[in-house]
Amino acid sequence: MKKTIKTIALLSLTVFVIACKGDEKKTETSTTETPSVTETSTSESTAFTLTIEGNDQMQFNKTELRVPVGEPVELTLKHVGKMAKEVMGHNFVLLDVGVDFNTFATEASTAKDNDYIPEDTSGIIVHTGMLGGGESETVEFTINEAGTYDFLCSFPGHYAMMKGVLIAE
Ligand code: ZN
């Protein structure tokens with residue numbers, strides 16, 4: 001059930017991206033008809049996007065992310081390595097304020113059957129699936145309270161190096 005919803009979300013996202021691209025082309029070709037006001041509203045309706053990469057050296061390329069409070073954020077995790085997810089899997093897990101980082105990471109590392117996401121997800125704001133080399137996944141979320149949030153890759157042992165903070169301001 002959960003997976004179906006996710007697939008639909010991904011599909012609609014793809015359609016959305018295609019639709020956006022179509023719009024861009026339209027505005028390019030019909031510049032004379034459309035006033036510049038349209039261009040402004042188009043860019044404002046787009047979610048805040050950011051990308052973070054994980055590699056075969058067990059590293060994220062960023063340890064600090066900044067997002068606006070109260071606005072939809074589209075975050076893409078890209079595994080830029082070549083190794084399989086069973087050996088060098090990476091995910092992006094964003095923890096809520098007040099969740100103990102080490103306790104969570106230890107618990108997550110035992111949840112192998114669930115891609116290292118613990119059964120109790122109440123402390124998780126958002127997470128991607130576990131990715132192998134060459135894969136990527138985009139998730140959407142909104143942070144409604146300014147603050148500093150921990151993120152990590154929950155693959156066993158990775159959190160020691162693959163961690164950082166997301167600052168909502
Ligand atoms: Zn990892």
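**Exercise 1. Decide whether G89 is buried or exposed in this predicted model, and describe its surroundings.**

Step 1. The relative accessible area of G89 is 0%, and the cut-off for a buried residue is under 20%, so G89 counts as buried.

Step 2. To place G89 along the chain, look at the elements on either side: the residue lies in the loop between α3 (85-88) and β4 (93-95).

Step 3. Once neighbours within four places in sequence are left aside, G89 is in contact with A84, M130, L131, C153, F155 and H158. A further pair to inspect is G89 and G129, which are 40 residues apart in sequence and lie 9.5 Å apart in space, taken from C-alpha to C-alpha.

**Exercise 2. Work out which residues of the largest nonpolar core touch the most other members, and which elements contribute to this core.**

Step 1. The largest nonpolar core has 24 residues, and among these L94 and L166 touch the most other members.

Step 2. Two or more residues come from each of β1 (48-54), β2 (64-67), β3 (72-79), β6 (136-142), β7 (147-152) and β8 (163-168), and β3 gives the most, with three residues.

Step 3. For L166, residues up to four places away in sequence are not counted, and the residues touched are then L65, V67, L94, F141, I143, G147, T148, Y149 and F151. Another core, of nine residues, lies apart from the largest one and includes F104, A105, A108 and L152.

Step 4. As background, nonpolar side chains tend to be buried together in soluble globular proteins.

**Exercise 3. Establish the order of the strands in the open sheet of three strands, and explain why one side of β1 and of β6 is left without a neighbour.**

Step 1. The three strands follow the order β1-β3-β6, and their pairing is mixed.

Step 2. Because β1 and β6 stand at the edges and each has a single partner strand, one side of each is left without a neighbour in the sheet. From one strand to the next, the twist averages 20°.

Step 3. β1 and β3 run parallel and are joined by seven bridges; within this pairing, T49 stands opposite E74 in β3.

**Exercise 4. Summarise the protein chain as a whole, beginning with how many helices and strands it has.**

Step 1. There are four helices and eight strands, which run α-α-β-β-β-α-β-α-β-β-β-β from the N terminus on.

Step 2. Of the 169 residues, 34% count as buried, while the chain exposes about 10200 Å², of which carbon and sulfur atoms supply 54%.

Step 3. Among contacts with a separation of 6 or more, residues 24 or more positions apart account for 72%.

Notes:
Residues are numbered from 1 along each chain as its sequence is written. This is a predicted model: local features need pLDDT of at least 70, side-chain atom pairs count only at pLDDT 80 or more; totals for chains, interfaces and linings use all residues. Side-chain values use heavy atoms; hydrogens and water are left out. A nonpolar core is a set of buried Ala, Val, Leu, Ile, Met, Phe, Trp, Tyr and Cys residues joined through side-chain atoms within 4.5 Å. Buried means under 20% relative accessible area, exposed over 50%, partly exposed in between (1.4 Å probe, protein chains only). Contact means heavy atoms within 4.5 Å. Accessible areas come from the Shrake-Rupley method with a 1.4 Å probe; for residues, only the protein chains shown count as cover. Two strands pair if DSSP finds at least two bridges between them. Axes are lines fitted to C-alpha atoms, for helices over the stretch in contact, and angles run from 0 to 180 degrees between N-to-C directions.
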